[in-house]
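Student: I would like a close look at a single part of this structure, namely the surroundings of one ligand. Could you then connect that part to the rest of the chain, step by step?

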Amino acid sequence: MKPCHFRRGIAVLVAVLSAVTAIHDCLAEQKKSVGIDTAQVPKWTSEDLNFFLHGSMSTEVGPEPVLRAFIKIYPDLFPREDLTYLGLIPDSDFGWPIGFSRKDEVQHLGSLRAVGLNCAACHVAEIHSLEGAAPVRVLGATSHFDAEAFFGVVILATFRTADPANMKRFASAYLASVDPDAGESTQELLANEWERQKEKIATEMKADPFGSKDVEPGALHQIEPGALVLDDEILEHEKDLAAFSHSILKLFHNMRAALHIPDQLDQAAAKRGAAHNTANCVSCHGGAESDKRLYSVAEVGTDPHRAELFTKEQAARFNKFLAELEATGYQPSKEEGLRSTGKYSAASMDGVWARSPYLHNGSVRTMQELLTPPAQRAKTFHRGSRDYDATQLGYTDAGPYLFDTSSRGNSNAGHNYGTALTADQKHDLLEYLKTL
Ligand code: HEC
Ligand code: HEC
């Protein structure tokens with residue numbers, strides 16, 4: 001069977017409705033024909049198979065009604081409700097794609113029913129044969145799931161909903177999801193109550209847009225289950241919608257904290273900061289991974305010891321070790337894996353906020369400091385703190401170990417890039433770097 005394929009002209013020529021019907025029919029047909037051949041796992045019961053496809057590994061990422069509401073109100077972030085565009089395989093019987101799990105009363109997510117991911121999201125593939133045979137779903141094969149893209153849009157949606165107008169749309173979609181019986185009259189009740197409490201909602205949201213007040217960085221709020229309830233009855237009793245909105249913001253904080261994403265983000269600044277990154281950093285840190293991303297110590301100016309120590313002889317010793325290593329299932333590579341270049345690599349900036357302290361020797365505590373001229377960087381600092389400073393991007397100067405930049409191999413010199421930017425420009429650049 002052919003995969004669902006739609007020529008662009010169709011949507012233009014035919015009424016949208018019939019195109020939608022065509023998509024629906026095609027998917028329905030596919031669904032019928034694509035099952036999982038249990039001969040792949042002859043010893044599994046149907047419960048085993050179901051657990052592999054949808055069992056929870058306690059990786060719950062977001063409450064089900066929250067994700068449903070995001071999908072409904074942000075079609076630019078979630079262009080298809082079934083999430084197939086992310087490389088996921090739909091499973092309409094379950095309601096979420098293969099590899100999604102569902103768990104009731106997840107405490108850190110406001111005790112709501114939440115979905116998570118398991119191995120099957122990345123390890124079940126649907127394969128379409130060129131010869132026209134029916135597609136097969138192969139357990140264990142690597143899928144096309146783009147997990148980063150999925151987490152990226154969920155996080156973006158939480159930030160977007162910190163805007164009161166979006167929160168209003170969110171509340172309506174959330175109500176429809178938590179209370180499927182809520183009809184037009186309940187929606188109207190919500191709209192009226194919202195209008196009545198509008199100012200208070202805006203004030204309360206503005207006071208804590210990221211729901212991160214009164215909680216240690218990375219720590220989780222205790223959210224009373226009642227705080228997130230929205231239904232007909234409670235709306236009739238003049239539900240405090242400002243408190244509800246604030247609880248939702250706290251819930252978003254918890255979602256991000258569980259994913260270790262810093263949540264104090266100044267979006268306007270981040271937008272401006274992108275230009276500073278392009279002008280000052282991308283020439284080295286962007287583009288494909290290749291030898292072009294290697295820079296000599298003389299050029300970057302950071303501590304030379306690591307580059308000098310990793311000589312050709314040292315690389316050869318590692319390669320000999322790897323070639324002679326014997327372990328069950330291990331196949332030594334035929335190519336030499338390690339080589340000495342005498343240079344440092346300008347690594348990708350993805351997730352750079354999480355890599356404090358910076359540089360190959362961890363000699364610069366925060367990103368703010370890396371953007372400070374080397375002579376003004378701290379000469380010593382403590383390591384071992386778990387408290388993360390989301391303004392400067394780095395762990396705080398605390399902990400049991402004193403790092404002394406005057407010791408051999410510990411120099412914090414060099415890498416002067418961006419140090420001449422103004423304080424405002426640096427702030428914007430930091431905000432942008434948080435988004436990577
Ligand atoms: C976000 C996607 C993702 C998730 C979730 C995931 N994996 Fe993987 N896994 C991969 C990728 C990608 C590879 C590399 C596949 C390749 O090289 O072809 C891989 C490789 C593997 C391999 C090695 C396969 C081989 O041939 O060497 C094993 C074993 C494995 N995964 C098991 C698991 C288990 C068990 C889980 C759940 C606890 C899991 N994976 C969850 C993406 C994922
Ligand atoms: C001329 C090339 C070049 C430019 C321009 C450049 N970098 Fe780098 N960067 C490097 C190299 C090479 C390293 C590795 C140096 C080391 O570890 O000693 C590095 C390391 C880093 C690290 C440490 C990464 C880690 O995981 O510890 C950060 C952060 C960083 N750069 C940020 C920036 C920022 C922000 C800019 C723009 C203001 C920038 N860089 C501009 C070449 C460059």
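Tutor: Helix H5, which covers residues 120-123, gives the most to the shell around ligand 1, contributing three residues. The residues that surround ligand 1 are Leu117, Cys119, Ala121, Cys122, His123, Thr142, Phe145 and Ala147. Sorted by class, this shell holds six nonpolar and two polar residues, with no charged residues. Please keep in mind that what you see is a predicted model.

The strand E3, made of residues 112-117, leads us to a sheet, since E3 is joined to E1 by two bridges and the two strands run antiparallel. In that pairing, proline 63 stands opposite alanine 114 of E3. The sheet as a whole is open and has three strands in the order E1-E3-E2, paired in antiparallel fashion. Strand E1 (62-63) and strand E2 (100-106) are at the edges with a single partner strand each, and therefore one side of each has no neighbour in the sheet. As a general point, strands of a sheet pair through backbone hydrogen bonds, in either a parallel or an antiparallel way.

A second ligand can be looked at in the same manner. Around ligand 2 there are 21 residues, of which Cys281, Cys284, Thr302, His360 and Gly418 come nearest. Helix H12 (282-285) and helix H16 (367-370) are the elements that give two or more residues to this shell, and H12 gives the most, with three residues. By class, the shell around ligand 2 divides into 13 nonpolar, seven polar and one charged residue.

Away from the ligands, helix H8, which runs over residues 184-207, has a kink of about 70° centred on glutamine 197. Buried residues in H8 are Thr186, Leu190, Ile201 and Met205, and what covers the buried residues of this helix includes helix H7 (164-178), helix H9 (232-236) and helix H10 (241-258). Leucine 249 is found in helix H10, and leucine 249 counts as buried because it has 25 C-beta neighbours inside 10 Å, where 20 or more are needed. Setting aside neighbours within four places in sequence, leucine 249 is in contact with Ala162, Met205, Asp208, Pro209, Phe210 and Gly211. Leucine 249 and methionine 205 are 44 residues apart along the chain, while their C-alpha atoms are separated by 7.9 Å.

For the chain as a whole, there are 17 helices and eleven strands, and the C-alpha trace spans about 70 × 60 × 45 Å along its principal axes. Of the 436 residues, 28% count as buried. Among contacts between residues at least 6 apart in sequence, 69% join residues at least 24 apart.

Finally, some care is needed over confidence. The chain averages a pLDDT of 86, and 91% of the residues score at least 70. Confidence is highest in helix H4 (residues 64-73), at a mean of 97, and lowest in helix H1 (residues 8-13), at a mean of 32. Over residues 1-33 pLDDT stays under 50, and for these residues the model has 16 contacts beyond four places in sequence. Where pLDDT is low, the predicted coordinates should not be read in detail.

Technical notes. Residues numbered from 1 in each chain as written. Chains lettered and ligands numbered in written order. Predicted model: local features only at pLDDT ≥ 70, side-chain atom pairs only at ≥ 80, totals over all residues. Near = placed C-beta within 6 Å. Helix = DSSP H or I, 4+ residues; strand = E, 2+ residues; numbered from the N terminus. Nonpolar A, V, L, I, M, F, W, Y, C, P; charged D, E, K, R; others polar. Bend = angle between axes of the 7 residues up to and from the residue. Buried ≥ 20, exposed ≤ 12 C-beta atoms within 10 Å, placed from the backbone. Contact = placed C-beta atoms within 7 Å. pLDDT = per-residue confidence, 0-100. Pairing = 2+ DSSP bridges.
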